[in-house]
Every structure is written in C-alpha cells, then in structure tokens.
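Welcome! Open your viewer, keep the selection box handy, and let us walk through this protein one stop at a time.

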Amino acid sequence: MAYTSTAPNLSFPFKQPSPLPLSDHHHIRRHTLRFTTTAASSSPLHHSNDPNKNKPQIPPPSAAPAAAIVDTTTTTTSRFADDQPRKGADVLIEALEREGVRHVFAYPGGASLEIHQALTRSKLIKNTLPRHEQGGVFAAEGYARSSGRVGVCIATSGPGATNLVSGLADAMLDSVPLVAITGQVPRRMIGTDAFQETPIVEVTKSITKHNYLVTDVDEIPRIVREAFYIASTGRPGPVLIDIPKDVQQQLAVPNWTRTVNLPGYTARLPKSPETSQLEQIVRLIYQSKKPILYVGGGSLNSSEELRRFVDLTGIPVASTIMGLGSFPCDHDLSLQMLGMHGTMYANYAIDNADLLLAFGVRFDDRVTGKVETFASRATIVHIDIDSAEIGKNKQPHVAMCADLKPALQGLNSIMEKKGSQFNLDFTPWREEVADQKQRFPLKYKTFGDMIPPQHAIQLLDEMTQGNAIVSTGVGQHQMWSAQYYKYKNPRQWLTSAGLGAMGFGLPAAVGAAVANPGRTVVDIDGDGSFMMNVQELATIRVENLPVKIMVLNNQHLGMVVQWEDRFYKANRAHTFLGNPANEEEIFPNMLQFAEACGIPAARVTKLGDLEGEMKKMLESEGPYLLDVIVPHQEHVLPMIPSGGGFKDAINEGDGRSLY
C-alpha cells in the first residue's frame, strides 16, 4: 500500500469522537500558540531610501531551515496490506512515518518494548539510542532546535517517563516542537500503583502544550496526527502521548483518512495581521528618532524578513539569548545580546530608545531586570504569536497578536510601496550607539599562561568562521558563548534558556549532529554541566557522531561562584567540584571519561597551546573532547544584578577582588 505524508487537512468535514477531548480537563495551556508558515521567497535586498547614509546590505541567512511544519513530501510503502490487522505499536510507528519522522531518540523498557520491536520493523525510522532518558529528550530538542522539525523521543513508563520531565519543561519554556511518547502499564492496572506506574499525563500537564492517554488502539492515527499538528503550529511546544502496553499489543486495521478536527484550537490561532495596525507601526517608526529592535526566539523562522526590515529602516537590533542568529551578530547594526549579561551598548540602547519594537519576545525577567525601568522612555510595540505573553510582564502601547513572519512581510511591503516617501535617517542615533560600542566593548583580561574562557570561545568563532552549530550547558560558559561566538544564522545556537537545565549541551549536540550531517557541531560545556549527562559520550561513540566537545573546566560551579563572590563575600557553599583532599589535582579526569568511550581527547592548560589543540580537535574526523583548564575567578560581565536596571550594571572586577 503506497501512501504520501501530508500536512493535516483542516477542512474539518466531520466531527469525530475523542476519548480525550480538548476540554477543560485536557486543555492546551496557552491561549494562542505560535503559528508557522512555509518560507516565502522574497525580493532581493536593497538599500533603504536614505540618500545621506549608505547602509550596508544584510545578506540573507545561508541555508536557514524551514519553519517547524509537518513533512509534506515523503512517499513510502506500507509493510501491511490495507485490510491487514497489525499491533498498535506498528500502527504508531507507521503514523510517525506518515508524519515524516526519520529519527527518534528512544530508550527501551518493559512498557515500551512493543514500540521498540515495531521500530526494528521500520525501514524508514532510525533510533539513536541515548544512555539516559533525559539524554534522549534533550537530544530530541537539539534535533528540533537545529532543524526546525518536530523532535521525537520515546521512553518507558514510571522512571523512564519521569526522566523526560526536565526536557518537556525546557521545550515548553523555549517553544520547541517536540512529541514525547511513553509506554504505560496496561489499562486494567492504571491506578493500582503497579510496578513502574506513574501518572505521567497528570505529572506533565503544566509543562506540555497538550497530552494524551491512549485508551483505544483505533485512536492512534488521529492522536499522532493531532500531536504533530499541535506541537508545530501556533507557538510550538511539547506534546506527550502515553500508550498503555495492552493498547500497543492490540490488533487493529488503522483508518488513515481521518482529518484533524480541533476547532477550539484552530480558532485561537492568530489571524493575519491587519493592515491598519501595520500602518500604525510604520507611522511610529517614521516619527521616532531613537528606535531599537528587541527580537527573541519568535524571530527564528522570520530571519529573512527581519534582515529585510533592518535593511529598509536601518534600526539597530538587540537580541535575547533565544533570538541569537536570527540577525547576524557580526553585522554593524547588531548590538548582540541584551539583558542581565547583555552588552552595555545593547542595554544602553534599550534604556535610551524612544521606540521599542519587541518582536517575538516575552519580556523575560533576565532581559528586563526591574520592569519599571526597562525601556521607560520608549513607546512599546509588541508583536507576538502568543496572546498570553502580551501585557503579561510589560504593558505595550501597541500590541499585535500575530505570527511574526507575515507581520514583517506586511511591514516590509508597506515601506517598499512608500518608496521615496519613506525616507528614514537614524544616522545620529546609530552614531550614538556606535560610540557606546567603542567605549564599552566586551572585554576580558589575560593572566600569564592561563587561558581566559572568553578567549577560547572567541578563538573557536574565528577558527569555524562563525558557522558551527553550538550547543551549551548552563552557567558562565553559556553566557560567554552567547557573547563571544558571532552567530550568523538562526538555529546555530542551542541552549536551555528559559529553564536553564544543566546537562543540556552534550545530548543536544547529539540531536543536532543527527539532524545536520556534515555540519560542524560543537558542545561548549562547563565541567559541572558536562558531568550531568556524561553518559552520552557512549551514544556519540557508538553512532560515530562527529561532535566536538570543548569543556571549559574551572573545577567549580562557575556562575554560582560568581554570585558568591559578588553577594556572599566569596563564602564557598558546595560549589567546588574537585577533590577537596587534593585541590591541585584536576578532578575528575575528563580525559578518562572520553577514553572509557573510545573518544580521542586532550587537555590544554597554557594559552600558547590552545590554538594548536583546538585546530587538532576541529580537524579530527570523528568525535573529540578538548579539556580546557580555565581559572575559576573569571566573572561574566557585564552583569545587571537580579531585579536591577541598566543604571545598576556591573562592568568591572572578578573573583580576585573582594566585594
């Protein structure tokens, strides 16, 4: 039987019964969810109409992945005849195939054994076996974040399912399209405290966009199709499908013709932007003297339109940690990251702007600091796909609930039609901001032969020409990676931003390498974060994934140490990760972790040796670990203390001084 993978049919020809309707009990968390459209071709970039200022053109993103949508091009052949009964597990795997899934990250167990048996019968789906379920869900996230496609992970019931919780919460906060499938005890045993029973649907309600408990094998095709549709439309997010073992074993003849019928959900998806609102925004731009763009993760699928918008207006761009790469960090108009550890010039521009264009952002506390002082001089325009985010933390003057891509297309179209009438000149403002760049650049000190961690990342950026896919753990190394690596395109930068989950970097690199064969993938990690999922070295070796791992090893929980230095008189409270009996020893030995998994590794302790060792790492054909020993006294600067404002920014000092 031949079939073609297609996007869900939204014609809604009939109403169908559902054992788990999208009701108040099983509802979708956010009122409005991010809706993505396929990338449309745009006209060539050109200079704006400002005759007095020759602004550089912005190159389009190179090989930027498409938006997170269901694969619509796959044609395959079913293993079964049309009327041939098959197990529910086989129905599940074929349903995944029909959604265009070709890679999953699945760890087996008793309640998911049938699913894994069915996976061995699939000719299309390859399982990358993680060594821990958390590694599996983070790898699925890395796959989704770097490709724009829906990531899929599978785990067994009980502890297997609960090991997915951090990844689901992470995907929810960072709007990552994910489908997590868990095995469950047989239906008759649910609620009896059976062996390895956990009510994972109840556990994950508040950290998933939607979830399902499958009680009827005939519902599997519909549920899988709905799960992928919900995960990838509106504001993307994770969806969980919990399947009891007896449902996996039931025989059924699947009905593949049923369509997605979610009128309550689709009614809440944002509508097309209204021309009158877009024209109002254009008028505000024309009237402003000091406009600034504040862009976030919602701009990742709109990078081309964003670059065109900046080309037309000449407005400087500040990015959240999630938005890095949507606008090239090495462009003259890029102010790089704003917020707690953002650049001084980005935060200066926000503080002094008279118009804040907040596109695809949620005014997170790590960006705003003291909300009352954030952009206090500016008229605020907020465009976001999620209506729940508009006005939640900061009240805008103009609000638009819309997909950013068509909104930017509309704004660009209006400005292009105006032609010479739309004559913007923000030269004085750009010069003012450029002066701040000159006066307060990102900087660090060197101390003899010791390796500044900032320098290691800067060198990596130079040696990869800013083209690597970079994943990180969480902590100081994460912030330095955001500051010193100049991302050129969206989906190059993979990090746990909202949740801040240590241990994210290594498995996320696994997923990125699976999704992007041939690309350079580097996990920049801290020793603390690296050890939290160090077991995934085995996955990397067995799959022969060419992941490069650069551990910035300072023997401490660096970010917590920084806070101890600044606010707790340097009192160390369990932040030393080495061996207290021998503090001079590098402990544990990261090279032995690599050796145990057959991965080449080296350690570098002197600044003069770093470039040669990094070159060796990057030129190696397979995986490689480079243990870079760095001083623990370094601080991530600038730093705006929690709850502070721009005027409270710290830009000097480190752990070598007392405060």
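**Stop 1: a six-stranded sheet**

Begin with strands S17 to S22, which form an open sheet in the order S18-S17-S19-S20-S22-S21, with parallel pairing. Keep in mind as you look that this is a predicted model. Which strands sit at the edges? They are S18 and S21 (601-604), and each of them pairs on one side only.

Now select residues 547-553, strand S20, together with residues 624-629, strand S22: the two pair in the parallel sense over six bridges. To see one place where these strands face each other, pick Val551, which stands opposite Asp627 in S22.

Next, add the helices that lie across this sheet. Select residues 453-464 to show helix H16, which lies across strand S19 (521-526) and S20. Its direction is at about 160° to S20. Then select residues 607-619 for helix H23, which lies across S19, S20, S21 and S22 and runs at about 165° to S22.

**Stop 2: another six-stranded sheet**

Move on to strands S11 to S16. Here six strands form an open sheet in the order S13-S12-S11-S14-S15-S16, and the pairing is parallel. Select 334-337 and 398-401: these are strands S13 and S16 at the edges, each with a single partner strand, so one side of each has no neighbour in the sheet. Turn the view to look along the sheet, and you can follow a twist that averages 15° from one strand to the next.

Zoom in on strand S12 (residues 317-319), which pairs with S13 in the parallel sense over two bridges. Within this pair, Val317 stands opposite Ser334 in S13. Now select residues 303-313, helix H11, which packs on the sheet and touches S11 (291-295), S12 and S14 (355-359). The direction of helix H11 makes about 170° with that of S11.

**Stop 3: a cavity inside**

How many cavities of 30 Å³ or more does a search of the whole structure find? The search finds five, and the largest has a volume of about 250 Å³. To find this largest cavity, select Ser175, Gly297, Leu300, Met322 and Arg491, which lie nearest its centre among the 22 residues of the lining. Two elements give two or more residues to that lining: helix H3 (133-147) and strand S18 (493-494). Colour the lining by residue type and you should find twelve nonpolar, six polar and four charged residues.

**Stop 4: two rings**

The structure holds twelve aromatic pairs. For one of them, show the side chains of Phe138 and Phe504, which form an edge-to-face pair, 5.3 Å centre to centre with 70° between the planes. Phe138 lies in helix H3, while Phe504 is in the loop between S18 and helix H18 (505-515), so the pair ties together parts that are 366 residues apart in sequence.

**Stop 5: backbone details**

Before the last selections, a helpful reminder: most peptide bonds are trans, and most residues other than glycine have a negative phi.

Select Phe587 and Pro588, which are joined by a cis peptide bond with omega about -10°. You will find Pro588 in the loop between helix H21 (558-567) and helix H22 (590-596). A cis peptide bond also joins Leu637 and Pro638, with omega about 0°, and Pro638 lies in the segment after S22.

Finish at Asp193, a residue other than glycine whose phi is positive, near 60°. Look for Asp193 in the loop between strand S7 (178-184) and helix H6 (200-203).

Key: Residues numbered from 1 in each chain as written. Predicted model: local features only at pLDDT ≥ 70, side-chain atom pairs only at ≥ 80, totals over all residues. Heavy atoms only, no water. 1 Å grid on protein atoms, 1.4 Å probe; cavity = no way out; pocket = protein on both sides within 12 Å on 5 of 7 lines; lining within 4 Å. Points joined across faces, edges and corners; volume = space filled by probe spheres on them. Helix = DSSP H or I, 4+ residues; strand = E, 2+ residues; numbered from the N terminus. Nonpolar A, V, L, I, M, F, W, Y, C, P; charged D, E, K, R; others polar. Pairing = 2+ DSSP bridges. Contact = heavy atoms within 4.5 Å. Axes fitted to C-alpha atoms, helices over the stretch in contact; angles between N-to-C directions. Phe/Tyr/Trp six-rings, centres within 6.5 Å; stacked < 30°, edge-to-face > 60°.
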